[in-house]
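This briefing introduces a protein model to a reader who has not met it before. It turns first to confidence and then to one sheet.

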Amino acid sequence: MGSFPSLNTLYLSSNNFTDIATATQELHNFTNLEYLTLDSSSLHISLLQSIASIFPSLKNLSMIGCEVNGLVRGQGFPHFKSLEHLDMEGALIALNTSFLQIIGESMPSLKYLSLFGSILGTNSSRILDRGLCSLVHLQVLNIAYNDLRGSLPWCLANMTSLRILDVSSNQLTGSISSSPLVHLTSIEELYLSNNHFQIPISLEPFFNHSRLKSFYADNNEINAEITQSHSLTAPNFQLSRLSLSSGYGDGFIFPKFLYHQHDLEYVDLSHIKMNGEFPTWLLENNTKLRQLSLVNDSLGGPFQLPIHSHKRLGMLDISNNNFRGHIPVEIGDVLPSLFSLNISMNALDGSIPSSFGNMKFLQILDLSNNHLTGEIPEHLVVGCVNLESLALSNNSLEGHMFSRNFNLTNLRWLQLEGNHFVGEIPQSLSKCFVLEGLFLNNNSLSGKIPRWLGNLTRLQHIMMPKNHLEGPIPVEFCQLDWLQILDISDNNISGSLPSCFHPLSVEQVHLSKNMLHGQLKRGTFFNSYSLVTLDLSYNRLNGNISDWVDGLSQLSHLILGHNNLEGEVPVQLCKLNQLQLLDLSNNSLHGSIPLCLDNTTLHESYNNSSSLDKQFEISFSIEGPQGD
């Protein structure tokens, strides 16, 4: 490659260094190298030994996703005396000893170390031991996702320069109140999530950590106990990001240290069961707050908002609590910058405030599973032009779904099921060309299924059972190539199934309890290899069970009961290896049940549950074996 004596940065990513001698010889051309990247490469330990010897001034080595061979017992690892930055995220090293100890002995100047998600040795090397303790100059340490066991070693307290520590997603244990973390007063970012630590909700052990800005401890054991008394009544830190979401514990109150915080930008205190009311003071004290999650916290009382508008808050999730009363009428003016609002699964009543239409940035709105009444405000469907997901399901809303004034053209997900909407499916929805999910079940909708639904070619879920819809299934549905679930059962749909209807991605088709008639034509469901459930029961279908069923290789539930089907049970059913439920009851079938069904999973299901035998009740007498 020639000589480049002044080169200080070299990228050699995605290589397979098999010729060590040639690679070593080439590296002699870069005598002043300080930054070397070997990401996603496969190399032998001898190449690293050469690198350490050729580049004594190397400061930064990146080996993200590398596979290192030749280091079984940990002997012979090169000594990088000047190395300050080592990134081995996702690296694979086969050895039977602690890699942390190897690093501690061979890299005394290290300031940055990332072993995130690496595979470093066997089970015997996963104890977080004293191997780190000699790295006293470390400022950043990331050993997340390594399945490390045991408690934090006390020598961590000697790492007085440590600013960022990430030990999340391991199997670490111990009480934080009596851990070395108490002494790391220089720490700025601390990530403890997904372990087995005991953490006091007061965060009192960290009150002296004046530089602490980010604290993440999701999915640990949150408790209210303090093992030692602390002289400070208020913390010295001002957090910007806090996450204590946990399903452990009950009966807490909002931690008092929160009343002293004024720089919070992100807060997640979900699943802690804190009781109390909505913390308006948290919004009033933290004008920089952008995201607040208080999901499943047993909070109750009225949903009250601050007096003054909060310009920064973009995401608010207070779902699955016990808030009662009306949604504040001024919500759209107080929280104008929201892009996501979820207040589902509460006990809120009254009407939907028209001021939602003032939320110009709103993309996700979930008011489902409350006791809301009245109609959908026109100002909402006109003003929320960026709305992508609207969930109003399981309330007591009424009237027509939408008026002609409609600007929700970016909708991807519309959930209005479980209300009292009447009238036809509104023409305004024909503008929603990116719609993927349409959920209108359990309402009182009437009229025909609009043909233009077939033009919304991104539709994946159409759920409209338990309405009063009538008329045929539009032939335009044959254009829905991405459709996964179609459910228009329990309506008054008539006509026959379009023979062109065979979407490649369809998994479930529910058309029961309608007035469909005619024969099942071969083209219907042709090449629908993903179809798992087909329910055509309680209709007026006639003719034979066609031999096309053998092409539905993934079918597990075939429900054709309560029709006018005739002829014999086709042997092609035996090719349905995944079949678990077959209902042909109450038809006009005759002949014998094919013996080959004994070799399918259907026979195993019969043996496991005698009640399934009833699925084979056929109105004509059956000759031959009927299943054991």
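The model is predicted, with a mean pLDDT of 87 for the protein. Of its residues, 88% reach a pLDDT of 70 or more. One open sheet of four strands is described below, after a note on a stretch where pLDDT stays under 50.

**Confidence**

- Over residues 609–628, pLDDT stays under 50.
- For residues 609–628 the model has 47 contacts beyond four places in sequence.
- Where pLDDT is low, the predicted coordinates should not be read in detail.

**Sheet layout**

- Four strands form an open sheet in the order S11-S13-S15-S17, and their pairing is parallel.
- Strand S11 (149–151) and strand S17 (221–223) are the edge strands, each of which pairs on one side only.
- On average, neighbouring strands of this sheet are turned by 25° against each other, direction ignored.
- Strands of a sheet pair through backbone hydrogen bonds, in either a parallel or an antiparallel manner.

**Pairing of S11 with S13**

- Three bridges join S11 and strand S13 (residues 171–175), which pair in the parallel sense.
- Gly150 stands opposite Leu172 in S13.
- Ser151 stands opposite Thr173, also in S13.

**Pairing of S13 with S15**

- S13 pairs in the parallel sense with strand S15 (residues 196–200), over three bridges.
- Within this pairing, Ser175 stands opposite Gln198 in S15.

Note on methods
Residues are numbered from 1 along each chain as its sequence is written. This is a predicted model: local features need pLDDT of at least 70, side-chain atom pairs count only at pLDDT 80 or more; totals for chains, interfaces and linings use all residues. Side-chain values use heavy atoms; hydrogens and water are left out. Two strands pair if DSSP finds at least two bridges between them. Helices (H or I, at least four residues) and strands (E, at least two) are DSSP runs, numbered from the N terminus. Axes are lines fitted to C-alpha atoms, for helices over the stretch in contact, and angles run from 0 to 180 degrees between N-to-C directions. pLDDT is the predictor's confidence in each residue, from 0 to 100. Contact means heavy atoms within 4.5 Å.
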